[in-house]
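User: I'm new to reading protein models and would like a close look at a single part of this one. Could you walk me through the pocket and then what surrounds it?

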Amino acid sequence: MLSRTNGPFLIDLPNEWADSVLELLQDTYRNELVDASKVFEIYGQLYKGEVLVIASLIDATNEAAPATTYFASMDLADDADHTKLLEGLVDSIGAFFDQFFADSEWNDYQDMWKEEQFKGTKIYCKVTRENVGLTIKADRLLNQ
């Protein structure tokens, strides 16, 4: 399960939303992606009490190569401005990949959720080598 809280899964965020985030990241990091032969994959999911956004940087030529995947999660209250929460999570993705691409020796993977303050908001994040697209495909096959 990808969720931080292990709450029940509700829905995937709309493809249109994921596509717009993907386009933003590809435009922002175009040169870095071309130089490294990498592409982004974006996933967004709602769980009871949680919104989760995942940006996975994968090898464009080898799906089995280790990825760099940034997970960002926030607690979700019924009365919260969901658009603002998503914008904050997307901004945190940008902040992470700014650091990642700025340091060619970056290697600070952390498989445990870590609480952070980002622009005055509490978020939870972790960075792994997981190719989330493959994980989701495997889960779907196992659940058929």
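Analyst: In this predicted model, the largest pocket holds about 520 Å³ of space. Its lining is made up of 24 residues, and the ones nearest the centre are Asp-12, Tyr-43, Gln-45, Ile-136 and Arg-140. So where does the lining come from? Four elements, β1, α1, β2 and α4, each give at least two residues to it.

Let's follow those strands into the sheet. It's an open sheet of 6 strands, paired antiparallel, and the order is β1-β2-β3-β4-β6-β5. Look at the two ends of that order: β1 (9–12) and β5 are edge strands with a single partner strand each, so one side of each has no neighbour in the sheet. Going from one strand to the next, the twist averages 25°. At the β5 end, β5 and β6 run antiparallel and are joined by 6 bridges. One pair you can look up is Lys-114, whose bridge partner in β6 is Cys-125.

Now for the helices that lie across this sheet. Helix α4, residues 132–142, lies across β1, β2, β3 and β4, and runs at about 50° to β2. That's the α4 that helps line the pocket. Helix α3 lies across β2, β3, β4, β5 and β6 instead, at about 150° to β4.

Stay with α3 for a moment. This helix covers residues 82–102, so 21 residues, and its first and last C-alpha atoms are 30 Å apart, close to the 30 Å expected at 1.5 Å a residue. Quite a few of its residues are buried, among them Leu-85, Leu-89, Ile-93, Phe-96, Phe-97 and Phe-100. Try looking at how they are spaced. An α-helix has 3.6 residues a turn, so residues three or four places apart point the same way. And what do the buried residues of α3 pack against? Their partners are α1 (15–28), β2 (38–47), β3 (50–59), β4 (68–75), β5 (110–118) and β6 (121–128). You've already met α1 and β2, since both supply part of the pocket lining.

Not everything in α3 is tucked away, though. Ala-102 also belongs to this helix. Is Ala-102 buried or exposed? It counts as exposed because its relative accessible area is 67%, and the cut-off for exposed is over 50%. If you want to place Ala-102 against something else, try Gln-26: the two are 76 residues apart along the chain, and their C-alpha atoms are separated by 16 Å.

Definitions and conventions:
Residues are numbered from 1 along each chain as its sequence is written. This is a predicted model: local features need pLDDT of at least 70, side-chain atom pairs count only at pLDDT 80 or more; totals for chains, interfaces and linings use all residues. Side-chain values use heavy atoms; hydrogens and water are left out. The expected span of a helix is 1.5 Å times one less than its number of residues. Buried means under 20% relative accessible area, exposed over 50%, partly exposed in between (1.4 Å probe, protein chains only). Contact means heavy atoms within 4.5 Å. Two strands pair if DSSP finds at least two bridges between them. Axes are lines fitted to C-alpha atoms, for helices over the stretch in contact, and angles run from 0 to 180 degrees between N-to-C directions. On a 1 Å grid over the protein atoms alone, a cavity is a set of points where a 1.4 Å probe fits but cannot get out, and a pocket is an open set with protein on both sides within 12 Å along at least five of seven lines; lining residues have an atom within 4 Å of a point. Grid points are joined across faces, edges and corners, and a volume is the space filled by probe spheres set on the points.
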